[in-house]
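Work through the exercises below with the sequence and the 3D structure open. Try each task before reading its solution.

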Amino acid sequence: MIKILQDGQELGDYIYGSAIAALDIVKDCCPAASDKFENEDLGLDIAIFPASMDMIHGSTMHVKAEIEERLISLIESLTGGISKTKKYTLLKKFEENDCERITWLMELFTRYSKKVGAVANHLKSEQLISSELYKEKLQNGFSKLQSIAVILVHLWLPEIKAKIESELSRHQIEKKHVLDVLSAYRDNIGNPGGSENTKTVIEAYIARLEENCSQSMELGAQENSGQRMELDVPEKPDQGELEDVHSKRRWTGVDILDS
C-alpha cells in the first residue's frame with residue numbers, strides 16, 4: 001500500500017486518493033495493520049503527504065473532502081504511535097513549503113468549526129440532552145475537528161508554534177476554542193479498550209495548551225503593564241508654559257492645574 005501511495009502521486013489523483021482511503025479503512029478495521037502503520041518505519045513521511053496540499057483532488061470514487069478526512073485520520077494516528085525520530089520527521093513535513101500544511105489544517109479547522117457551530121445553533125430549540133447533542137455534532141464534522149485539534153497541539157512546538165498562532169489569529173480563532181474542542185473530546189471518551197490511553201494523551205495535550213495560554217496571558221499582562229508605565233510618566237512641561245500658567249493664577253486667582 002505504501003508503494004502504491006508513493007507511485008500514485010506520479011500516476012495521478014485517482015490512485016493517490018483511492019490509496020489514502022483504502023489505507024485509512026484498513027487501519028481502522030484491522031488492529032494489526034493499525035499497529036504496523038503507527039509504529040513501523042514504512043516511509044510514511046514520504047508516502048501519505050502529496051508534494052503540495054494543492055494537489056489533493058477528487059477521484060472517480062472519492063471526493064476531495066473525503067480524501068482530506070481520510071488523510072487527517074491517518075495523520076492523527078501518527079501523532080500517538082510513532083517513535084520520537086519519526087515524530088521529528090512528521091514535524092519537518094509540516095515545516096516544508098512555508099508551513100503550507102499548517103495553513104491547510106487551519107482552513108479545515110475553520111470549515112469544520114463553522115459547520116459544527118451551525119448545527120449546534122440549529123439544534124438549540126430541540127432541547128436535546130448533552131449526549132444526544134454531542135452525537136449530532138460528531139455526525140456533522142466534530143470528530144474531524146477533534147482530530148485536527150489533536151494534530152495542531154501535537155505540533156505546538158517551538159519550531160512551528162509561531163505559524164500555528166499566526167494562522168489562528170488570521171482566522172480569528174482563539175486558543176480557547178482549540179482547548180474547548182480537546183476538552184469535549186476528553187470528556188466524552190468511552191471506556192472500551194484503549195480509550196484510557198487515548199484519554200491520557202488528550203489530557204497531556206490539554207495541559208500543554210493550557211500552559212501555553214497561561215504564558216501568553218502573562219506576557220500580555222507584562223506588555224500592558226509596560227505600556228501603562230510609559231503612559232503614566234508625565235512629560236516635562238515647557239518653561240514658557242509654566243510661566244503662562246503662573247501668570248493666569250495671579251490674574252484669576254484660580255489654580256487651573258487643579259481644575
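The exercises go from the overall fold to the core, a helix pair and the charged side chains.

The model is predicted, so local features are given only at pLDDT of at least 70 and side-chain atom pairs only at pLDDT 80 or more, whereas totals for chains, interfaces and linings use all residues. Numbering starts from 1 along each chain as its sequence is written, and side-chain values rest on heavy atoms, with hydrogens and water left out.

**Exercise 1. The chain as a whole**

Task: State how many helices and strands the chain has, and what share of its residues is buried.

Solution. Step 1: assign the elements as DSSP runs numbered from the N terminus, with helices being H or I of at least four residues and strands E of at least two. This gives 11 helices and zero strands.
Step 2: apply the burial cut-offs, where buried is under 20% relative accessible area, exposed is over 50% and partly exposed is in between (1.4 Å probe, protein chains only). Of the 259 residues, 39% count as buried.
Step 3: look at contacts, meaning heavy atoms within 4.5 Å. Among contacts in the chain with a separation of 6 or more, 71% are between residues 24 or more positions apart.

**Exercise 2. The nonpolar core**

Task: Find which helix gives the most residues to the largest nonpolar core.

Solution. Step 1: define the core as a set of buried Ala, Val, Leu, Ile, Met, Phe, Trp, Tyr and Cys residues joined through side-chain atoms within 4.5 Å. The largest such core has 52 residues, and those with the most contacts inside it include Ile48, Leu71, Phe94 and Trp104.
Step 2: list the contributors. At least two residues each come from helices including H2 (13-29), H6 (84-122), H7 (130-154) and H10 (195-232). H6 gives the most, with 12 residues.
Step 3: take phenylalanine 94 as an example. Leaving aside neighbours within four places in sequence, its contacts include Phe49, Ile75, Leu105, Ile151 and Leu155, and also Arg101.
As background, nonpolar side chains in soluble globular proteins tend to be buried together.

**Exercise 3. A helix pair**

Task: Describe how H7 and H9 cross.

Solution. Step 1: fit the axes to C-alpha atoms, for helices over the stretch in contact, and take angles from 0 to 180 degrees between N-to-C directions. The axes of H7 and H9 come within 9 Å and cross at roughly 115°.
Step 2: list the residues that meet. Those in H7 include Phe142, Leu145, Ala149 and Val150, and those in H9 include Val178, Val181, Leu182 and Tyr185.

**Exercise 4. Salt bridges**

Task: For three salt bridges, give the N to O distance and say which partners are buried or partly exposed.

Solution. Step 1: require a side-chain nitrogen of Lys or Arg within 4 Å of a carboxyl oxygen of Asp or Glu. By this rule the count is 11 salt bridges.
Step 2: glutamate 167 and arginine 170 pair at 2.9 Å. They are three residues apart in helix H8, so about one helical turn separates them. Glutamate 167 is buried, at 4% relative accessible area. Its contacts, not counting residues up to four places away in sequence, are Ile102, Thr103 and Met106. The C-alpha atoms of glutamate 167 and isoleucine 102 are 7.9 Å apart, although 65 residues separate them along the chain.
Step 3: arginine 101 and glutamate 96 pair at 3.2 Å. Arginine 101 is buried at 1% relative accessibility, while glutamate 96 is partly exposed at 32%.
Step 4: glutamate 66 and arginine 70 pair at 3.8 Å. They lie four residues apart in helix H5, so about one helical turn separates them. Both are partly exposed, glutamate 66 at 24% and arginine 70 at 22%.

**Exercise 5. Buried glutamates without a salt bridge**

Task: For glutamate 76 and glutamate 100, find the nearest side chain of opposite charge.

Solution. Step 1: count Lys and Arg as positive and Asp and Glu as negative, leaving out His and the chain ends.
Step 2: glutamate 76 lies in H5 (residues 64-81). Glutamate 76 is buried without a salt bridge, and the nearest opposite charge is lysine 144, 6.7 Å away. Beyond residues up to four places away in sequence, glutamate 76 touches Ser147, Val150, Ile151 and Tyr185.
Step 3: glutamate 100 lies in H6. Glutamate 100 is also buried with no salt bridge, and arginine 101 is the nearest opposite charge at 4.7 Å. Not counting residues up to four places away in sequence, glutamate 100 touches Ala51, Ser52 and Met53.
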